[in-house]
Each structure stands twice: as C-alpha cells, then as structure tokens.
Amino acid sequence: MEQNTKQRSNDAPHRIVIVGGGAGGLELATRLGNTVGRKRRAEVLLVDRYPTHFWKPLLHEAASGHIDPAQHDISYAVQAKRHSFRFVQGDFKALDSNERRITVASMVDEENREIVPAQQIPYDTLVLAVGSVTNFFNVAGAEEEALRLENVEQAEQFRRKLLAACFRAGHEKNRTGGSEEPLVNVNIIGGGATGVELAASVRDAVEHFADYRFAALDPTKDICVRVIEGNDRVLPGLSPELSAAALSHLLRLNVQIMTKARVIEVRKDALLTAAGDVLPSDLTLWAAGVAGAPSLSHCPGLRLNRNGQMLINTTLQSVADPRIYAIGDCASIDPNLGTGWPITAQAAHQQAVYLASALAANLTLKNISEFRYRDGGTLVSFGSAGAVGRVASQMPPITISVKGSLARILYALIYRRHLVFVTGTLRASAATVSQWIKGRLSPPVRLH
Ligand SMILES: Cc1cc2nc3c(=O)[nH]c(=O)nc-3n(C[C@H](O)[C@H](O)[C@H](O)COP(=O)(O)OP(=O)(O)OC[C@H]3O[C@@H](n4cnc5c(N)ncnc54)[C@H](O)[C@@H]3O)c2cc1C
C-alpha cells in the first residue's frame, strides 16, 4: 500500500476509505463499490475491527436469545468481493490529516501474538462511520459494573449472564423452596427504545426459559425485569399517546417501570437511586445515552462536540477538513449550520445514500446539493406482544400513529429493507426464508 498521497500520478484512481462497516458504512461501501468501484473510477476500501457486519438494531434480540447472531452476520470479505470494494480488518487508531492517511492497529491472535502489523492507509477522501458507544455520564460504578449493548459480544455476555442467573435461581429454589422476593433481578437503566425493547424481549425469553429448562422458576414471581427512566414516562421521545400504549404493553408483559428515577450509583449487586432506593440487581444494563466512538478523540485534525461526535456541515464534511466526511451516530451537524437528526439507523441509511451519490458526483466535479434528513417515523417493538410507533411521510406531510400487528409488520420490514439495500433483493429473500425455516426448527429462544 502506498504511504504518501502526494507522490501519486494524476491518472491514479481516487482513493475513498470508509472506516466502520455498520448501518451507514457498509451500505455506503456497497453503493460506492457498485458504481465508482466497478467502473474503476475510484478505489473503495472499507475498514472495520470485526470480520462481519451485524445490524445493531437486532442486538436486543441477540441479548435475549431470540435470534442467533451467526445467522444474521454478513461477511465483509464476501460483500467486498461481490460489490467491487476492498476490505481491511483492523482497529482504526489514528488519523494524520496533513499526510492524508489513517493508522489501523496491528491484528493479534488469541495469545496476543501479532498476526498483521499496524498499517498506514492513505486516502484522498475519508469517511468516518464508526458509530457510537454507551455514555455513562460519569455515574459512579456504571462503567465498571453495568453491561452495555454495543456489539454482538456484549449481547452474548448479557445472554450468558441471564441464563447463569436463572440457573442459579432455579437451583436455589429447589434447595430452599424460594422466597417472597424475586430470585433474579434484571435492571435496565434508560426507558428509550433500546431499554424498553430489551425489557420486553427479556420478559418473553424468561417465560420460555422456565418452560424448557428451569421448571422450578415461576417467571412472573421469581424474575423481576425493571426499566428505570429519569423522565416522567417511557419513550419520552415519542408522543404521550404512544408512550402510554408502550407502557400498557410493558405492564402486560410484567415489566416493572420506575419513572422520574435517577440512578446515582451502580454496584456489583445493587443500584442506588437519587431518592435513596437500593434496588437489588443480578444484571444491570445501561441504555441511557450514547456518545461518539472514542477513536475520534485520537484524531487531532477533527472538531468534536461535547458528546464526542464529529462536527460536520450540511454536505456531511468535517468542519475542520473538507476531505473528511462522517455519517451515522459518530457525526453531528455544527449547530451554527443547521438542525440535527436523530441517532438512528434510519439517519445513517439516508446519509449513506446521499454520500454515495455525492462522492460519485465529486469525482466528475458536479455540484452536489445539501443533505436533508427525511423523518420516516419511529417504531418500537415488544416482540410477540406487538409494536407501537408513528409513520411519517414528507409528500404529503403527514404522520400516522401505528400499533398492533401493522406496527409489528412495519418494524420487521425495516431490517428486511436494510438487507435488500446491502445484499440485493434475491439474497435478502433467501436469507429471510432461511432464517424463517431455522426459526421454525429451533426453540423460541436459545437455551444454552
Ligand atoms: C439495541 C439497539 C436497538 C436499536 N434499534 C433501532 C431501531 O429500531 N431503529 C433505528 O433506526 N435505530 C436503532 N438503533 C440505533 C442504530 O443501531 C444506530 O443508530 C445505527 O446502527 C448507527 O449506524 P452507524 O453506521 O453510525 O454505526 P454502527 O451501526 O454502530 O456501526 C459502526 C461500525 O464501526 C465499527 N467501528 C467502530 N469503531 C471502530 C474502530 N475504531 N475501528 C474499526 N471499526 C470500528 C464497528 O465495528 C461497526 O461495524 C438501535 C441501537 C441499539 C443498540
């Protein structure tokens, strides 16, 4: 790989490097590969720390064991081969915007022996799509003791701990005959979409665990799943009517809800609230906020906001360097230049679509319009118990509240749409059929 962009000949292809193959980055690499990559008008290279892509909005279903993540993985290497881009696996560590190159850390094996040394990758255009991480807001003990839901490993960790807690409780109940208090306490901090979707999924999972593996446990009485929210209602970002509908779904599923409650300390086996309540906790998951990925803070050439996100303009370019773009959770518009958009896969997808055509247009020096976020609505799923949300359209400008089966179908279609965008209609349909068959042949949740 070349070390210095400045020594390139004029007819060398333009190098577009995309860091992060998530909801935004993988779609962008695929679209650019299919257009400018295939016609050799540019070299498109994707960097991700993992070998496979997993669509983050499915993480709560992986954490509760409703899906097997391996069935939903997309191999970056295969995707790159099919869609005319290159893939490098590694951790993005540093940016030298003067020399226009990034550093990707060395790759090590399980015994920490180096397999591939650190690499310097030059670019002409860089797109950062590294996503977000959990924001613990400096709450005492939270970073050390609470689980988080940022990737498949963490979802698996949650699932294994949940199963272990149920095993322990089942054994305890067989030995002692149980107690009036719950034997397993799962606390989810944050009553936004991630928190309530996970709570609903966990409640459903523990019913199945009791059916299949832990006959001694009464899931209603012995397992407490609680959502703790600082606001006066769950899903505070949605209308009060939809929050109320969500609340009734959650209560029907036996999820305990604490609103206007602020957690001020997370301990190994308990939580402390600002009101002085001490809540026992076997599993604590923090879902109360996100911040830009930490790798951005090692990039001196960028400007970040207080939340660690890269500040961009209306064409998604860094306000500090026009050769660097950012999309998805790691980016935020400079408040002096426009109004922002929500931190969602929907926004990351729209930015990927926009940037794929904007970067292609750049290569032919065509003018590009500004990025405009179009609100398509929000849907929140409670698994088999239903879904709630709103669907929005720009032309004509209307918003409709949806609940029940229609909302569930629309929710399921969001992931299918992502698969179509990334893998094409045929492969997305084949994946859907294969996942459906596997689902029919397996128990409703993973049991080990
Ligand atoms: C449980 C859960 C449920 C959600 N539900 C919804 C929903 O229903 N609808 C919705 O619109 N949004 C939802 N979201 C939010 C949505 O997942 C994110 O907004 C979206 O994934 C952001 O896309 P992205 O491309 O910016 O980042 P991501 O999809 O997070 O991708 C970031 C990529 O960057 C890679 N990466 C990060 N750092 C490095 C590094 N240093 N080096 C190399 N690679 C790196 C990661 O491996 C990852 O592949 C949900 C999120 C969660 C956690």
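A salt bridge is defined here as a side-chain nitrogen of Lys or Arg within 4 Å of a carboxyl oxygen of Asp or Glu. The structure is a predicted model, in which local features need pLDDT of at least 70 and side-chain atom pairs count only at pLDDT 80 or more, while totals for chains, interfaces and linings use all residues. Residues are numbered from 1 along each chain as its sequence is written, and side-chain values use heavy atoms, with hydrogens and water left out.

The structure holds 16 salt bridges. Glu156, Arg159, Arg160 and Arg446 are linked in a network of such bridges. Within this network, the side chains of Arg160 and Glu156 meet at 3.7 Å, N to O. These two residues are four apart in helix α5 (residues 152–176) and therefore separated by about one helical turn; helices are DSSP runs of H or I with at least four residues, numbered from the N terminus. Glu156 also forms a salt bridge with Arg446, at 2.8 Å, N to O. This pair links distant parts of the chain, 290 residues apart, with Arg446 in the segment after α11 (425–441). Glu156 is buried, with a relative accessible area of 16%, whereas Arg160 is partly exposed at 48% and Arg446 partly exposed at 23% (buried, under 20% relative accessible area; exposed, over 50%; partly exposed, in between; 1.4 Å probe, protein chains only).

The ligand makes polar contacts (pairs of N or O atoms within 3.5 Å). A ligand nitrogen atom is 2.8 Å from a polar backbone atom of Phe92, and a ligand oxygen atom is 2.9 Å from a polar backbone atom of Ala345.

Conventions:
Polar contact = N/O pair within 3.5 Å; in protein donor to acceptor, adjacent residues only side chain to side chain.
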